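Welcome, and thanks for opening your viewer. Keep the selection tool handy, and let's walk through the model one stop at a time.

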Amino acid sequence: MEKCLGVISAGNLENNFGALCIHRPVYMLPYGGRYRLMDFSVSNMVNNGIKTIVVYTGEKIRSTMDHIENGRPWDLDRRFKGLILFPPVTHGYTSNKYGDIPQFYSTMDFYETVREDTIFLNHPNIIAKVDLKAAFKYFKETDADITFIYKPQNDPWGEYVNCEKISLDEDNNLETMGMNLGTEKEFNMFIRSGFMKKEAFIRLVKEAIEKGDSDYLLDAVIRNKDKYKINGYRFDGHVENIRNLKSFYDANINLLKKDVARELFYQGGTIFTKTKDEPSTLYTESSKVQNSLIANGCVIEGTVENSIIFRGVTIGKGALVKNSVIMQKAEIHDNAAVVNSILDKQAVIGEGVRIAGSTLMPYVVEKKQVIRKD
Amino acid sequence: MIENKVVAMLLAGGQGSRLKELTKKIAKPAVPFGGKYRIIDFALSNAANSGIEDIGILTQYKPFLLNSHIGIGSAWDYDRNVGGLRILPPFTSEDGGRWYTGTANAVFENIDYIDEQDPEYVLILSGDHIYKMDYNELLDYHKENDADVSIAVMEVPWDEASRFGIINVDKNNKIIEFEEKPENPKNNMASMGIYMFKWEVLRNYLIKDDENPESDNDFGKNVLPMMLAEGNKMFAWVFDGYWKDVGTVRSYWEANMDLLDPNNTLNLYDKDWRIYTKSRNLPPQYIARGSDIKDSLVNEGCYVMGEVKRSILFSDVIIEEGAIVKDSVILSNCVIKKGARIYNSVILEGVNIEENATIGSEGDSHIYMVSDKNIIKE
């Protein structure tokens with residue numbers, strides 16, 4: 001893995017998340033009580049021995065900067081290798097172009113200079129604890145130019161419409177790649193991660209710019225698929241493909257399942273994130289907590305069921321929190337009720353206020369929004 | 001703190017032998033406390049929050065865990081380019097190797113280090129105590145009086161006064177007498193082992209003390225009484241917050257239990273005076289269906305399926321179904337198996353309690369310290 005460079009690049013799906021992504025990119029969404037989505041990508045790479053990680057931040061860069069500092073939480077604050085941030089280019093040729101190709105092109109010097117010969121591309125909105133060492137071995141052994149990682153996904157209800165779908169021939173070589181429309185009960189979901197020879201990457205990007213036929217790297221790959229050896233690496237573990245509010249909510253609530261939590265939090269190494277120096281969580285005489293994941297720094301005096309509670313949340317006496325995701329430092333005052341909801345950071349639910357959504361469409365309270373009884 | 005440079009010297013060599021198994025492998029300052037901290041975190045965080053930029057940690061007794069806990073001081077923001085934190089163990093020189101023979105000797109041996117920092121004041125701290133204090137208040141008081149040394153003192157219960165170094169003062173809080181563990185104390189003002197010195201004054205007395213072969217090289221016993229006898233300006237500064245020196249297994253257990261009182265004065269949730277520690281970066285705690293958890297502090301990585309009342313769980317503790325934990329302190333990485341019942345106990349790191357085992361009983365007046373080898377009843 002020494003010769004492999006990690007590249008995190010996210011698209012712009014912010015519109016699918018309403019109020020939650022007004023100020024943050026999707027990969028910065030809080031997840032699992034104390035993490036951001038991107039922590040899973042970065043930690044999995046670090047735990048698998050990738051030493052240099054590049055992040056294309058997208059435009060909403062402030063929350064990213066605050067969170068990843070100089071890479072310290074992942075031990076990426078190195079003199080040699082480590083974390084490299086590429087904010088979007090705002091001048092010159094690439095400034096008013098869509099897609100990731102112009103962004104990659106604007107940083108071409110970097111790729112041409114570094115010693116790594118392989119690129120691991122990763123989409124941080126998809127959480128999967130892939131054993132990257134094993135996948136990398138497969139990539140090397142098959143001498144592929146590109147190896148895409150996919151999961152055979154059972155989807156009887158069409159929940160995965162709009163996700164990337166690939167098909168492979170009997171030798172595991174790529175045949176097609178497109179968008180899943182739910183026409184099959186099971187399909188190979190491309191989890192938007194994969195290895196690519198650096199020379200192939202550079203050539204794809206440059207040719208796309210010269211021909212002007214692709215804005216996105218994946219488009220360029222599929223247009224040129226006959227020129228490269230492209231195969232698939234099968235992953236059978238748990239995948240959270242976070243693409244809208246509902247899948248974001250479900251991904252959080254899924255962590256209440258023991259096997260999901262074990263796999264995502266522990267398998268192949270723990271997840272690192274910016275630490276907050278919160279004390280332990282205090283449960284008082286009146287607290288009643290069932291089936292919930294609770295981070296540090298909380299004071300819980302009320303009832304909590306089937307919920308994910310982030311760091312520093314306070315839940316007052318007689319309050320009820322059920323099937324909800326309560327982000328950092330939110331306050332739920334005495335006798336309030338919060339059901340099937342997502343509270344963004346520092347939201348305040350006043351005394352006696354009752355809010356409820358449905359598990360199909362959770363009620364979202366914006367960051368710092370205050371709801372009080374009048 | 002910019003114009004008057006302060007260097008803090010933190011004494012972290014304490015053995016704490018009365019804490020028994022707790023300090024078998026580690027020094028007292030490294031003993032875990034309050035669900036996620038180690039005792040030394042309090043003094044270190046106080047120093048960091050007080051804006052002290054240079055701190056030397058004097059280690060001696062079993063320092064390995066302490067060294068790895070402190071590292072380069074990043075948890076307290078002491079990983080600085082200029083100044084910051086230095087771990088100062090005993091060393092050898094042309095005169096041979098010497099252990100630190102007492103609190104004053106430990107500082108004496110590091111005169112060169114302090115001289116290099118060139119401070120105006122030196123603050124002596126102990127890594128054995130649990131408290132929150134703004135050392136700037138002590139410094140301001142020290143400057144106001146133009147004192148040679150200012151000693152932080154606090155009122156202790158009269159019946160405990162004979163366990164402490166008692167300080168007798170005049171009406172201006174000028175120190176007139178020291179009494180080391182007096183049988184009949186005249187006063188209940190105890191020294192907290194926190195001293196603010198003028199460096200040039202302290203420097204002279206450290207050398208003087210070292211030249212006296214009779215001396216135990218201890219601040220409380222030797223250096224401070226000598227300074228008083230020679231007419232230095234010495235003042236007592238009265239502190240009235242939470243302060244605890246956990247000397248015994250029982251007081252260790254009690255100090256942990258203090259945190260469960262919502263009105264406790266050592267408020268760990270105070271955002272303006274955080275206590276920092278090295279983080280293990282573990283996932284959140286999971287509280288299962290069927291569990292019952294009340295009046296307790298629980299840390300990251302715990303998995304609670306049983307009943308937990310009036311207890312403190314450190315990180316990565318598993319409480320299985322049907323297990324009962326009451327009035328207890330469970331250190332990191334323990335597993336309390338199905339049906340086990342734990343009362344009034346301190347369970348040391350990494351101990352597994354077998355299924356249906358019982359330790360203590362409800363309303364027991366004893367405290368039990370459980371290690372992987374034995375159970376000590378106190």
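A salt bridge here is a side-chain nitrogen of Lys or Arg within 4 Å of a carboxyl oxygen of Asp or Glu. Please remember on the way that this is a predicted model.

**Stop 1: charged pairs in chain A**

Select Asp226(A) and Lys225(A): they form a salt bridge, with 3.9 Å between the closest N and O atoms. Asp226(A) is exposed, at 72% relative accessible area, whereas Lys225(A) is partly exposed at 26%.

Next, pick Asp75(A), in the loop between α2 (62-68) and β5 (82-86) of chain A. Which residue does Asp75(A) form a salt bridge with? The partner is Arg78(A), and the closest N and O atoms are 3.1 Å apart. Arg78(A) is partly exposed, with 44% relative accessibility. While you are here, check the backbone: Asp75(A) has a positive phi near 65°, although the residue is not glycine.

Asn323(A) also has a positive phi, near 50°, and is likewise a residue other than glycine. You will find Asn323(A) in the loop between β21 (320-322) and β22 (325-326) of chain A. Its relative accessibility is 18%, so Asn323(A) counts as buried.

**Stop 2: aromatic rings in chain A**

Over all chains there are 25 aromatic pairs. One to display is Tyr35(A) with Phe265(A), a tilted pair with 5.7 Å between centres and 35° between the planes. Tyr35(A) belongs to strand β3 (residues 35-36) and Phe265(A) to helix α9 (residues 258-266), so this pair ties together parts of chain A that are 230 residues apart in sequence. Both rings sit in buried residues: Tyr35(A) has a relative accessible area of 2% and Phe265(A) is at 3%.

Now select Tyr56(A), Phe86(A), Phe104(A), Phe110(A), Tyr111(A) and Phe201(A) together, and you have one aromatic cluster.

**Stop 3: Phe195(A) and the nonpolar core**

Move to Phe195(A) in strand β11 (residues 186-197) of chain A. Is Phe195(A) buried or exposed? Its relative accessible area is 0%, so Phe195(A) is buried. Beyond its sequence neighbours up to four places away, Phe195(A) touches residues including Met1(A), Cys4(A), Phe120(A), Leu132(A), Phe136(A) and Phe139(A). Leu5(A) is 190 residues from Phe195(A) in sequence, yet their C-alpha atoms are 9.4 Å apart.

In soluble globular proteins, nonpolar side chains tend to be buried together. The largest nonpolar core in this model has 123 residues, and those with the most contacts inside it include Ile332(A), Leu343(A), Leu123(B) and Tyr135(B). Centre the view on Leu123(B): among its contacts more than four places away in sequence are Val6(B), Ile52(B), Tyr135(B), Leu138(B) and Ile194(B).

**Stop 4: a buried acid in chain B**

Select Asp41(B), in helix α1 (residues 40-49) of chain B. Asp41(B) is buried and has no salt bridge; Arg38(B), the nearest side chain of opposite charge, is 6.5 Å away. What does the side chain of Asp41(B) make a polar contact with? One such partner is the side chain of Thr277(B), at 2.6 Å, and another is the side chain of His69(B), at 2.7 Å. Trp76(B), Ile275(B) and Tyr276(B) are also among the residues in contact with Asp41(B).

**Stop 5: charged pairs in chain B**

Finish with Asp316(B) and Arg280(B), whose side chains meet in a salt bridge of 3.5 Å, N to O. Each lies in a loop of chain B, so the pair ties together parts that are 36 residues apart in sequence. For a last selection, show Asp292(B), Lys294(B), Glu307(B), Lys309(B), Lys326(B) and Glu362(B), which are linked in a network of salt bridges.

Technical notes: Residues numbered from 1 in each chain as written. Chains lettered and ligands numbered in written order. Predicted model: local features only at pLDDT ≥ 70, side-chain atom pairs only at ≥ 80, totals over all residues. Heavy atoms only, no water. Helix = DSSP H or I, 4+ residues; strand = E, 2+ residues; numbered from the N terminus. Buried < 20%, exposed > 50% of the residue type's maximum accessible area, 1.4 Å probe, protein only. Lys, Arg positive; Asp, Glu negative; His and termini not counted. Polar contact = N/O pair within 3.5 Å; in protein donor to acceptor, adjacent residues only side chain to side chain. Contact = heavy atoms within 4.5 Å. Core = buried A, V, L, I, M, F, W, Y, C linked by side-chain atoms within 4.5 Å. Phe/Tyr/Trp six-rings, centres within 6.5 Å; stacked < 30°, edge-to-face > 60°.
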